[in-house]
Amino acid sequence: MMTEKTAEMLDEIIASNPHKIVLGGGKGEYRKIVCGKKQISGKLVYQLEKYTDKQVFHENIGEEGLKGTLGGYIGENFRQLNSFAVGYDYELRVSKKGEPHLTRKKSDKKQVTIQGNNRKKKYILEEGMDIPVFKELGIFTKDGKVAKSMYDKFKQINRFVEMVDDVLKDYDRDEIYIIDFGCGKSYLTFILYYYLVEIRKKRAYITGLDLKEQVIKNCNALAEKFGYKDLRFEI
Ligand SMILES: C[S@@+](CC[C@H](N)C(=O)[O-])C[C@H]1O[C@@H](n2cnc3c(N)ncnc32)[C@H](O)[C@@H]1O
């Protein structure tokens, strides 16, 4: 519960028109929350990035909801809040006994550009899709979200699929035969098979070749586990 004193301090912070607010040292579900001011469809909002150990969740709130949202976190799961604005920066700390303490110092920022929210990039393989090999690789968590540490890999794989997609624009047959020489662990091969069969609805026959017997054994076991009947591996 937000105390009256905390509410007054939040009023002062919000009146300074912060462009960024950071809640740190979280003890609950979230370790850190970063609120950045953004312009979305002509409206100013605060975009919250809520970090757990493995993921980051996004939420947009209007300026009118900022006080209630911050008040719900500070003093509960978070004991420190830092706010940045043209004019003044603030630090709000809540002691173990629940006593809030506000410090302010002159900010050296002269001007802030509020960024428009770049529309979220649309990936071919999107978060939330049931992509078995993404879970196997740890790119997706069990509930289908991109694992925070795997975001670069997720983007890289999507770039690969985009390149395949470009090539497919000139390919009008339904059947497609692919040989992957030196397939190794074949994660990309599995993704390619998933993409062609599950998304593009092609009849794809993919054969992976490698010198290593154990690699081939593992890949065949994985193809069987996923039920990918036209994906096979040979020495
Ligand atoms: C870098 S890994 C493959 C990576 C994989 N293509 C990918 O994108 O994740 C290279 C693989 O090529 C295999 N390889 C090298 N020479 C080969 C050959 N002459 N015939 C078949 N496989 C070969 C190696 O055993 C190794 O597993």
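## Exercises on a predicted model

In this predicted model, the ligand is surrounded by Gly182, Cys183, Gly184, Leu188, Asp210, Leu211 and Lys212.

**Exercise 1.** Work out which polar contacts tie the ligand to glycine 182, aspartate 210 and leucine 211, and then describe the shell by class.

*Solution.* Begin with the side chain of aspartate 210, where a polar atom lies 2.7 Å from an oxygen atom of the ligand. Turn next to the backbone, where an N or O atom of glycine 182 is found 3.2 Å from a ligand nitrogen, and where a polar atom of leucine 211 lies 3.4 Å from a nitrogen atom of the ligand. Each pair can be checked against the cut-off for a polar contact, which is a pair of N or O atoms within 3.5 Å. As for cover, the ligand on its own has 600 Å² of accessible area, of which the protein covers 46%. Finally, sorting the shell by class gives three nonpolar, two polar and two charged residues.

**Exercise 2.** Determine which residues of helix α2 are buried, and identify elements that cover them.

*Solution.* Helix α2 spans residues 66–73, and its buried residues are Leu66, Thr69, Leu70, Gly71 and Tyr73. The cover over these buried residues includes the helix α1 (4–15) together with β1 (20–24), β2 (32–40), β3 (43–51), β4 (56–62) and β5 (80–84). Following the chain just past α2, one comes to glycine 75, whose phi is positive, at about 90 degrees.

**Exercise 3.** Establish how β3 and β4 are paired and what kind of connection they form.

*Solution.* The two strands run antiparallel, and seven bridges join β3 to β4. One such pairing can be followed at the level of residues, since tyrosine 46 has isoleucine 61 in β4 as its bridge partner. With four residues between them, β3 and β4 form a hairpin.

**Exercise 4.** Decide whether glutamate 126 counts as buried or exposed, and trace its surroundings.

*Solution.* First locate the residue: glutamate 126 sits in the loop between β8 (115–116) and α3 (132–137). Its relative accessibility is 16%, and therefore glutamate 126 counts as buried, the cut-off being under 20%. Next consider its polar contact, in which the side chain of glutamate 126 reaches the backbone nitrogen of tyrosine 123 at 3.1 Å. Lastly, once residues up to four places away in sequence are set aside, glutamate 126 touches Lys121, Ile131 and Phe140.

Conventions: Residues are numbered from 1 along each chain as its sequence is written. This is a predicted model: local features need pLDDT of at least 70, side-chain atom pairs count only at pLDDT 80 or more; totals for chains, interfaces and linings use all residues. Side-chain values use heavy atoms; hydrogens and water are left out. A residue is near a molecule or strand if one of its heavy atoms lies within 4 Å of it. A polar contact is a pair of N or O atoms within 3.5 Å; within protein, one must be able to donate a hydrogen and the other to accept it, and residues adjacent in sequence count only if both atoms are side-chain atoms. Accessible areas come from the Shrake-Rupley method with a 1.4 Å probe; for residues, only the protein chains shown count as cover. Ala, Val, Leu, Ile, Met, Phe, Trp, Tyr, Cys and Pro count as nonpolar, Asp, Glu, Lys and Arg as charged, and the others, Gly among them, as polar. Buried means under 20% relative accessible area, exposed over 50%, partly exposed in between (1.4 Å probe, protein chains only). Contact means heavy atoms within 4.5 Å. Two strands pair if DSSP finds at least two bridges between them.
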